[in-house]
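Trainee: I would like to learn how to read a protein structure. Could you take me through it feature by feature?

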Amino acid sequence: MGPLILALAACAGSPPDAQVDERVSAMVRDLAEEGLSEEELLARQERAFELFQEAMDRYQAVEARALAEAMHRRAQATWSVFCVEGALRRAGDYDGAREALSRHLERSLAPDERTAVLLRRAIVAAGAGWTRQERADLGRGLARGASDAYQMLGRLALAQGRRDEARRLFGALLERNPGDPSAAPPWALRGFGLALLVQGDEPLHRSPR
């Protein structure tokens, strides 16, 4: 048994899961309290985030969502909306996850944050099988010069057999690091190499000889 479970089991009179629920409820109430100083709110957000991570690790979808939404109501930040999105996506609520990110994109965000939210929304779409939405958000990320957009679109092109497109996308990342291709983003060199293979020559698809 892990240390968290052992500690909870030691609490008199309550089974571990019930004790976790009580902690979550108390934390949600603490985050909603008015009149907190900046330092007090920061400390509570940090404790809430730790508890959120525990809930995610234990696949406690209801608890994770309650904590994420409580944090986001106070922070209204990109990190907190990512918590909401993560909890919803973990629970299979892709519509809710996309909606949360879309609402956040209506805010005034720094360019890097906006790009990160667009790419996260593309990941949600990929998980849900919404290829058109995935490509649209990746295209927006590509227009903003995001390396991850190049990698994700390159992977998608490879999966769909569009090798020329995959070579262009992965090759663009290699061109940013002409002296040291290994310094390019992790999928760039590998993806470019796969895109160079003749159709049917991928190692996993070769016929036995």
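Mentor: We will go through helix packing, ring pairs, burial and backbone angles in turn. Please keep in mind that this is a predicted model.

Trainee: Let's start with helix packing. At what angle do helix α3 and helix α4 pack, and how far apart are their axes?

Mentor: An angle over 145 degrees counts as roughly antiparallel. Here helix α3, residues 38–57, and helix α4, residues 61–75, pack at about 155°, with their axes 9 Å apart. That angle is why α3 is roughly antiparallel to α4. The crossing of these two helices is left-handed.

Trainee: Which residues of α3 and α4 meet?

Mentor: On the α3 side you will find Leu 41, Gln 45, Ala 48, Phe 49, Leu 51, Phe 52, Ala 55 and Met 56. They meet Glu 63, Ala 64, Leu 67, Ala 68, Met 71, Arg 74 and Ala 75 in α4. Sorted by class, this contact has 12 nonpolar, 1 polar and 2 charged residues.

Trainee: Let me try the next pair. How do the axes of α10 and α11 cross?

Mentor: Helix α10 covers residues 163–175 and helix α11 covers residues 188–196; their axes come within 8 Å and cross at roughly 150°. With the cut-off we used before, α10 and α11 are therefore roughly antiparallel to each other. The crossing of α10 with α11 is left-handed.

Trainee: And what does the contact of α10 with α11 have, by class?

Mentor: Let me name the residues before the classes. Arg 163, Ala 166, Arg 167, Phe 170, Gly 171, Leu 173 and Leu 174 in α10 meet Ala 188, Leu 189, Gly 191, Phe 192, Leu 194, Ala 195 and Leu 196 in α11. By class, that gives 10 nonpolar, 2 polar and 2 charged residues.

Trainee: Now the aromatic rings. How many aromatic pairs are there?

Mentor: Two rings pair if their centres lie within 6.5 Å, and planes over 60 degrees apart count as edge-to-face. By this rule the count is 2 aromatic pairs. In one of them, the rings of Phe 49 and Trp 79 have centres 6.4 Å apart and planes at 85°, so the pair is edge-to-face. This pair links distant parts of the chain, since Phe 49 belongs to helix α3 and Trp 79 to helix α5 (residues 78–90), 30 residues apart.

Trainee: Which residues do the ring pairs link into a cluster?

Mentor: The cluster holds Phe 49, Phe 52 and Trp 79.

Trainee: Are Phe 49 and Trp 79 buried or exposed?

Mentor: Neither word fits here, because buried means under 20% relative accessible area and exposed means over 50%, with partly exposed in between. Phe 49, at 31%, is partly exposed. Trp 79 also counts as partly exposed, at 38%.

Trainee: Let's stay with burial. What is the relative accessibility of Gln 45, and what is Gln 45 in contact with?

Mentor: Gln 45 is in helix α3, and at 7% relative accessibility it counts as buried. Leaving aside its neighbours within four places in sequence, Gln 45 is in contact with Leu 31, Met 71, Arg 74, Ala 75 and Trp 79. Gln 45 and Met 27 are 18 residues apart in sequence, and their C-alpha atoms are 9.1 Å apart.

Trainee: Where is Glu 134 found, and what surrounds it?

Mentor: Glu 134 is found in helix α8, residues 131–143. With 4% relative accessibility, Glu 134 counts as buried. Setting aside neighbours within four places in sequence, its contacts are Ala 122, Ala 125, Ala 126, Arg 155 and Leu 156.

Trainee: And what does Gln 151 touch?

Mentor: Gln 151 lies in helix α9, residues 147–159, and is buried at 4% relative accessible area. Not counting residues up to four places away in sequence, Gln 151 touches Phe 170, Leu 173, Pro 185, Pro 186, Trp 187 and Ala 188.

Trainee: Finally, the backbone. What is phi of Tyr 59 and of Gln 76?

Mentor: Tyr 59 has a positive phi of about 55°, although it is not a glycine. Tyr 59 sits in the loop between α3 and α4 and is exposed, with a relative accessible area of 64%. Gln 76, another residue other than glycine, has a positive phi near 50°. Gln 76 lies in the loop between α4 and α5 and is partly exposed at 31%.

Definitions and conventions: Residues numbered from 1 in each chain as written. Predicted model: local features only at pLDDT ≥ 70, side-chain atom pairs only at ≥ 80, totals over all residues. Heavy atoms only, no water. Axes fitted to C-alpha atoms, helices over the stretch in contact; angles between N-to-C directions. Helix = DSSP H or I, 4+ residues; strand = E, 2+ residues; numbered from the N terminus. Parallel < 35°, antiparallel > 145°, perpendicular 65-115°, else oblique. Left-handed = near helix turned anticlockwise from the far one by under 90°. Contact = heavy atoms within 4.5 Å. Nonpolar A, V, L, I, M, F, W, Y, C, P; charged D, E, K, R; others polar. Phe/Tyr/Trp six-rings, centres within 6.5 Å; stacked < 30°, edge-to-face > 60°. Buried < 20%, exposed > 50% of the residue type's maximum accessible area, 1.4 Å probe, protein only.
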